[in-house]
Amino acid sequence: MPDDHQIWERIHRGDAQAFDEFYQQNASRLEAFLRHVVGDRQAAEDVMQETFTQIWSRPNGFQPELGTLRAYLFGIGRKRAAEWWRTQGPKDQGLGTSGETIVYRTETAPAMEDAFRRLPEEQRSLLWLREVEGHSYSELAETLEIPVGTVRSRLFAAREALRKIWQSPRPPKEGA
Amino acid sequence: MKCEEATEFVSALCDGGMIPQAAAEHIGGCEACRTRLKAYAEMGAELRRVASLELVNEAKEAKEAAARNWEKVVRTTPNWWQKGWETMRIPRFAFALLLIAVVVLGFSLPIVRARAHTEGKVLVLRATIANGRTFQCPLPVRVHQLPLLPCTAIQRVNGGWVLYGFGITANDGDRVELGVHSKYFPGGTYTGPDIGASRDKQHQSQSDLEKLPETRYWLEPGQELKIDVEGAGTLKITGEFMDHIPPYVTDMGERLDPNPGEIRLISPVLLRGKEVLQDFGRVSVSSAQKDQGIEIYVPHDGRYELSLSPLESAVEGRIAEGQIKESRISFELDGQPYAILSGAPVAREGSIWILHLPNRNPSEGSDGHAFASAGVDMSPYLAKLPAKN
């Protein structure tokens with residue numbers, strides 16, 4: 001399996017097949033991450049497209065010695081998501097933007113989703129990348145542009161914030 | 001070591017890291033820290049489970065991604081983004097979230113949930129069958145192969161029921177190709193697919209809908225399509241392009257005044273005192289069937305059932321008789337003033353009954369989000385009126 005350096009070399013040379021493979025391997029996971037960062041499915045789709053467009057159009061930002069290609073990709077996505085958040089943000093808290101975001105079918109998932117959405121953007125990014133994507137501390141540091149030594153304390157703060165929201169009293173199930 | 005010093009290491013343990021001996025010893029004997037550790041582990045597992053659900057849904061979309069032709073993207077520095085954007089095909093699933101769930105039961109149960117704004121063209125369809133009530137539905141033109149037929153309706157006609165649904169299958173400039181599914185079900189009891197299925201049943205429902213006979217037609221705005229539906233009559237379809245999804249698109253928009261017995265809520269806002277409990281944004285609902293009403297759901301606050309017929313508190317909950325004045329409903333619960341503001345007159349009647357069911361989930365799946373739906377069966381809550389002599 002080609003390593004990051006080889007993949008990047010091919011993308012850098014304009015190898016569309018390499019980029020297509022890279023896209024297929026990462027697009028859905030990046031979109032899922034972005035959806036939780038921006039809280040809007042359509043915006044996440046747009047940000048994901050912009051992220052890949054940027055990588056394809058300007059394949060000169062990745063430095064293998066500084067981190068993994070995955071961290072680089074999610075880092076760009078996260079920056080673009082943060083930009084979207086700053087400039088557009090969720091203007092409508094009704095069904096118009098947030099209601100259709102994600103489909104859940106169990107009793108506990110909405111509570112987790114609801115709790116997760118209430119976290120600040122950086123904490124959502126941090127927890128998602130760590131718990132779902134399994135990023136290492138160094139990858140998190142690169143993606144979020146924070147020192148590696150800070151990652152542990154930020155992760156702790158994010159987990160604690162999520163725990164407090166998640167375990168706060170919520171309505172019992174119907175019929176309970 | 002104290003708990004405050006050890007908690008950060010609890011988090012580090014979840015990441016598979018080694019921690020100082022003192023912290024490890026403390027966590028081993030501290031119930032609070034072990035509880036926290038368990039909670040962190042559960043949260044991580046829950047997040048991954050949630051992500052797994054999403055990623056399964058994304059798998060199909062990833063297949064579409066494979067069809068992208070990145071070679072078309074031209075690398076030019078000055079206008080890289082523009083050229084890239086112009087040559088990149090926007091995946092159709094990006095607009096799937098614009099799914100419009102429209103349900104018409106009988107002649108008088110329109111539910112419209114207008115979702116996110118769209119940047120592209122929207123085709124607002126109008127369909128009439130057997131001179132019945134007009135069914136309207138917006139279809140984003142760039143949406144193809146939606147997971148469900150985005151516009152579906154069931155209407156009572158000729159002693160039976162007719163089901164029809166539309167999807168856009170192609171777009172050719174100023175006209176669109178419609179895939180029209182339709183079928184007539186004779187008899188008093190509707191036996192067709194459940195178009196208002198809850199989310200966990202939608203897969204089956206989709207499959208059932210897709211099995212219905214489909215015919216494709218090109219539709220140009222201004223033209224009228226006539227489709228014969230065996231047993232039901234002629235289905236007449238017209239459409240017009242708009243640059244956005246209108247806030248509501250049922251025929252309630254054609255006349256400001258509600259029909260007798262009808263409740264309408266257009267982009268409602270629920271207030272308690274001066275506090276906005278829920279702004280429902282672009283949601284519009286209307287219900288006119290006897291024994292049916294409107295249900296709105298506010299996360300963490302529960303359900304509000306609205307009926308023009310008196311309700312009784314035989315069930316858990318709080319009842320209020322509210323006053324309707326034009327586009328405003330006022331009522332009081334536990335000494336607190338409530339109001340529901342609507343974008344148009346709510347009803348012709350002056351009174352409305354509100355049953356608040358705190359701690360109740362919505363009767364239809366809403367994924368835990370604010371929700372409004374029409375045609376909700378109020379019979380369990382209706383007051384038993386004394387029999388007439």
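This passage describes selected helices, cores, strands and single residues of a predicted model.

Chain A, considered as a whole, contains eight helices and zero strands, and its elements accordingly read α-α-α-α-α-α-α-α from the N terminus on. Of the 176 residues in this chain, 47% count as buried. Among the contacts in chain A with a separation of 6 or more, 66% are accounted for by residues 24 or more positions apart.

Within chain A, helix H2 spans residues 16-38 and departs from the straight form. Although H2(A) has 23 residues, its end C-alpha atoms are only 29 Å apart, which falls short of the 33 Å that a straight helix would reach at 1.5 Å a residue. A kink of about 45 degrees is present in H2(A), and Asn26(A) lies at its centre. Just after this helix, Gly39(A) adopts a positive phi of about 70 degrees.

The largest nonpolar core of the model comprises 56 residues, and Phe33(A) and Leu34(A) are those with the most contacts inside it. Helix H2 of chain A supplies the largest share of this core, namely ten residues. When residues up to four places away in sequence are not counted, Phe33(A) touches Phe74(A), Gly77(A), Trp128(A), Leu129(A) and Glu133(A). Another core, of 33 residues, lies apart from the one just described, and Ile294(B), Ile324(B), Tyr338(B) and Phe371(B) are among its members. In soluble globular proteins, nonpolar side chains tend to be buried together.

Turning to chain B, helix H1 covers residues 3-14, and its twelve residues reach 17 Å from the first C-alpha to the last, close to the 16 Å expected at 1.5 Å a residue. Buried positions in H1(B) are Ala6(B), Thr7(B), Phe9(B), Val10(B), Ser11(B), Ala12(B) and Cys14(B). A positive phi, of about 80 degrees, is taken by Gly16(B) just after H1(B).

Chain B also holds an open sheet of four strands, in which the order is E4-E3-E10-E9 and the pairing is antiparallel. Strand E4 (135-140) and strand E9 (225-229) stand at the edges of the sheet, and because each has a single partner strand, one side of each is left without a neighbour in the sheet. On average, and with direction ignored, neighbouring strands of this sheet are turned by 25 degrees against each other. The antiparallel pairing of E9(B) with strand E10, residues 233-242 of chain B, extends over five bridges, and Asp228(B) stands opposite Thr234(B) in E10(B).

Two further residues of chain B were examined individually. Tyr304(B) is located in strand E16, which covers residues 302-307, and Tyr304(B) counts as buried because it has 27 C-beta neighbours inside 10 Å. The C-alpha atoms of Tyr304(B) and Leu355(B) are separated by 5.6 Å, although the two residues are 51 residues apart along the chain. With neighbours within four places in sequence left aside, Tyr304(B) is in contact with Ile296(B), Ile354(B) and His356(B).

Pro345(B), by comparison, occupies the loop between strand E19 (336-341) and strand E20 (351-357), and Pro345(B) counts as partly exposed because it has 17 C-beta neighbours inside 10 Å. Between the C-alpha atoms of Pro345(B) and Leu265(B), which are 80 residues apart along the chain, the separation is 8.1 Å. Residues up to four places away in sequence not being counted, Pro345(B) touches Leu256(B), Asp257(B), Pro258(B), Glu326(B) and Ser327(B).

Technical notes: Residues are numbered from 1 along each chain as its sequence is written. Chains are lettered from A and ligands numbered from 1 in the order in which they are written. Helices (H or I, at least four residues) and strands (E, at least two) are DSSP runs, numbered from the N terminus. The expected span of a helix is 1.5 Å times one less than its number of residues. A residue is buried if 20 or more other C-beta atoms lie within 10 Å of its own, exposed if 12 or fewer, and partly exposed in between; C-beta atoms are placed from the backbone. A nonpolar core is a set of buried Ala, Val, Leu, Ile, Met, Phe, Trp, Tyr and Cys residues joined through C-beta atoms within 7 Å. Two residues are in contact if their C-beta atoms, placed from the backbone, lie within 7 Å. The bend at a residue is the angle between axes fitted to the seven residues ending there and the seven starting there. Two strands pair if DSSP finds at least two bridges between them. Axes are lines fitted to C-alpha atoms, for helices over the stretch in contact, and angles run from 0 to 180 degrees between N-to-C directions.
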